[in-house]
2 protein chains.
Amino acid sequence: MSSVHSNDDAFSPRQREVLDAVLRLMVEEGDRFSVARVARAASCSKETLYKWFGDRDGLLGATVRWQASRVRVGDYDSGRLNASQLREKLEEFAVNWLSVIASPTSLALNRVAIGQAGSGNSRLGDIVLANGRLAVAARLKPLLDAGRAAGHLSFDHTEEAFRTFLGLVGRDVQIRLLLGDEPSLDKKTIAADAKRAAQQFLALFGTEKSGITETGKAAASRLSAN
Amino acid sequence: MSSVHSNDDAFSPRQREVLDAVLRLMVEEGDRFSVARVARAASCSKETLYKWFGDRDGLLGATVRWQASRVRVGDYDSGRLNASQLREKLEEFAVNWLSVIASPTSLALNRVAIGQAGSGNSRLGDIVLANGRLAVAARLKPLLDAGRAAGHLSFDHTEEAFRTFLGLVGRDVQIRLLLGDEPSLDKKTIAADAKRAAQQFLALFGTEKSGITETGKAAASRLSAN
DNA sequence: CATGTACCGTACCGTACGGTACAGCGTCAA
DNA sequence: TTGACGCTGTACCGTACGGTACGGTACATG
């Protein structure tokens with residue numbers, strides 16, 4: 001299925017140490033990232049870096065894949081679910097997603113990948129996308145399908161419903177964070193945003209029968225107070 | 001009113017030529033942007049660039065402000081409007097917004113600003129934000145308020161309704177484009193997306209009285225077929 | 001004509017980067 | 001003990017960058 005990146009990713013413990021140092025450097029030093037700095041920060045020789053990762057891009061790619069490999073989370077097995085369970089899981093997803101895109105590591109990696117995407121062809125952006133958007137899609141879409149199968153949701157294309165959910169959850173948060181804006185995103189705000197997004201999503205795609213949309217507009221309006 | 005950036009922006013014709021060359025270079029050469037390249041592309045000496053803009057960051061800032069100054073568009077005076085006019089204007093906004101964030105110029109500027117935001121402090125991100133998000137907010141919020149005043153819309157906080165609209169319109173398009181993904185965004189797709197977003201927005205925030213939400217869920221589902 | 005100004009093209013300087021080469025050090029196996 | 005191996009630290013190379021300086025040219029003003 002997946003897989004944009006040929007994923008063996010069998011990094012040795014020492015290599016993992018180095019890649020963690022790269023991540024730390026990206027987060028803390030932002031743009032002032034260089035191979036020499038990585039070597040110094042990780043107490044590692046440049047020659048070893050080049051032997052292991054080939055070149056600068058290889059190091060970046062390995063770092064992104066390393067981070068991707070450890071974000072992988074549980075299955076959220078969505079067997080039989082009733083309406084309130086569905087809402088709960090949607091909120092859970094929204095909280096998870098907002099937490100991820102607001103995390104310093106995610107922001108740093110996205111900044112690097114975006115910078116790379118500007119010049120020439122590299123598949124860094126693809127890897128980040130596969131780790132972020134596609135990973136959450138792989139977990140959320142089964143939930144949406146299960147919700148539809150149980151009669152709680154109504155939509156024609158899972159992808160479209162999924163993208164609308166992403167839009168309702170994230171809105172313009174990620175791009176603002178990437179640009180250095182700091183919309184306060186503490187845990188309280190994230191929880192409230194998740195609640196609102198789930199409410200709005202159910203108002204749009206919930207079925208009448210499940211009573212899930214009943215308080216739709218009123219509640220959505222109320223929740224948007226934040 | 002506006003203004004994050006102290007806006008005199010009285011660029012001479014020759015300076016405007018140079019700044020256009022910078023934009024062209026950003027779009028075409030992506031990341032391989034340098035002062036020497038700008039000078040060559042614009043048939044202009046580096047010394048002049050430094051005299052005019054101070055340093056590299058000044059040149060970047062001037063370029064962003066120059067682009068911002070000419071995106072400024074009409075008022076969309078939203079006096080009395082009926083339900084169908086409201087929907088029409090919402091779609092118009094959505095088309096405009098999607099066209100902007102998908103344009104090569106916007107993508108290039110956002111990439112530069114995001115790269116800058118990673119390292120140290122510069123207000124480039126603020127300027128881009130002020131040009132993009134805040135500019136469209138300044139035009140859209142009066143429309144939303146007018147729609148509420150006319151009884152067609154119902155929400156407590158204009159900012160929240162506005163952000164939800166942005167989310168419904170843009171979804172994950174901008175970040176995907178920034179990362180080098182290419183979700184096909186021809187004029188047909190943009191028009192369809194705008195229609196869907198307006199439909200969903202009205203389903204969430206429209207009042208029953210105006211009959212604007214009547215076909216809400218059904219139509220939203222149908223439109224999501226793309 | 002003389003003078004000043006604004007600009008172009010190019011040469012130049014110091015620095016930092018990506019990438020390579022090499023010397024030294026610990027480890028482990030024969 | 002010896003040698004192969006993997007690693008660190010550092011020196012080094014070529015290049016490209018940001019920023020400055022200088023010579024040359026067009027033009028405007030007196």
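Let's start with salt bridges across the interface of chain B and chain A. The rule finds 6 of them. A salt bridge here is a side-chain nitrogen of Lys or Arg within 4 Å of a carboxyl oxygen of Asp or Glu. Take one example. R163(B) pairs with D172(A), and their closest N and O atoms are 3.2 Å apart.

A word on the source. This is a predicted model, where local features need pLDDT of at least 70 and side-chain atom pairs count only at pLDDT 80 or more, while totals for chains, interfaces and linings use all residues; side-chain values use heavy atoms, with hydrogens and water left out. Residues are numbered from 1 along each chain as its sequence is written, and chains are lettered from A, ligands numbered from 1, in the order in which they are written.

Back to the interface. Between chain B and chain A, 6 residue pairs are in polar contact, both residues at pLDDT 80 or more. A polar contact is a pair of N or O atoms within 3.5 Å; within protein, one must be able to donate a hydrogen and the other to accept it, and residues adjacent in sequence count only if both atoms are side-chain atoms.

Which elements of chain B give two or more residues to the side that touches chain A? They are α6 (104–118), α7 (124–149), α8 (158–170), α9 (173–178), α10 (187–205) and α11 (216–223). α6(B) gives the most, with 7 residues. By class, this side of chain B has 16 nonpolar, 18 polar and 14 charged residues. For the classes, Ala, Val, Leu, Ile, Met, Phe, Trp, Tyr, Cys and Pro count as nonpolar, Asp, Glu, Lys and Arg as charged, and the others, Gly among them, as polar.

Now the overall numbers. 48 residues of chain B are in contact with 48 residues of chain A. Contact means heavy atoms within 4.5 Å. The buried area is about 4400 Å², and carbon and sulfur atoms give 59% of it. That area is the accessible area (1.4 Å probe) that two parts lose on being put together, summed over both.

Next, chain A by itself. Chain A has 11 helices and 0 strands. Helices (H or I, at least four residues) and strands (E, at least two) are DSSP runs, numbered from the N terminus. Of the 226 residues of chain A, 51% count as buried. Buried means under 20% relative accessible area, exposed over 50%, partly exposed in between (1.4 Å probe, protein chains only). Now take contacts in chain A between residues at least 6 apart in sequence. Of these, 71% join residues at least 24 apart.

Two residues show this packing. First up is F162(A), in helix α8 (residues 158–170) of chain A. Is F162(A) buried or exposed? F162(A) counts as buried because its relative accessibility is 0%. Leave out residues up to four places away in sequence. Then F162(A) touches R133(A), V136(A), A137(A), L140(A), K141(A) and L144(A). F162(A) and A137(A) are 25 residues apart in sequence, yet 7.2 Å apart in space, C-alpha to C-alpha.

The other is R133(A), in helix α7 (residues 124–149) of chain A. R133(A) is buried too, with a relative accessible area of 8%. Its side chain makes a polar contact with the side chain of E159(A), at 2.9 Å. Beyond four places in sequence, R133(A) is in contact with residues including W97(A), F162(A), and, from the other chain, D172(B) and R176(B).

Now the DNA. Strand C has 15 residues around it, and K46(A), E47(A), Y50(A), R56(A) and R14(B) come nearest. A residue is near a strand if one of its heavy atoms lies within 4 Å of it. Sugar and phosphate account for 54% of the atoms of DNA strand C that come within 4 Å of the protein. K46(A) puts a polar side-chain atom 2.5 Å from a base oxygen of DNA strand C. R14(B) puts one 2.7 Å from a phosphate oxygen of that strand.

On to DNA strand D. Here 14 residues surround the strand, and the closest are R14(A), S45(A), K46(B), E47(B) and R56(B). Of the strand D atoms within 4 Å of the protein, 46% belong to sugar or phosphate, and the rest to bases. A phosphate oxygen of strand D is 2.7 Å from a side-chain N or O atom of R14(A). For T48(A), the side-chain distance to a phosphate oxygen of strand D is 3.1 Å. Two elements give two or more residues to this surface: α3 of chain A and α3 of chain B.
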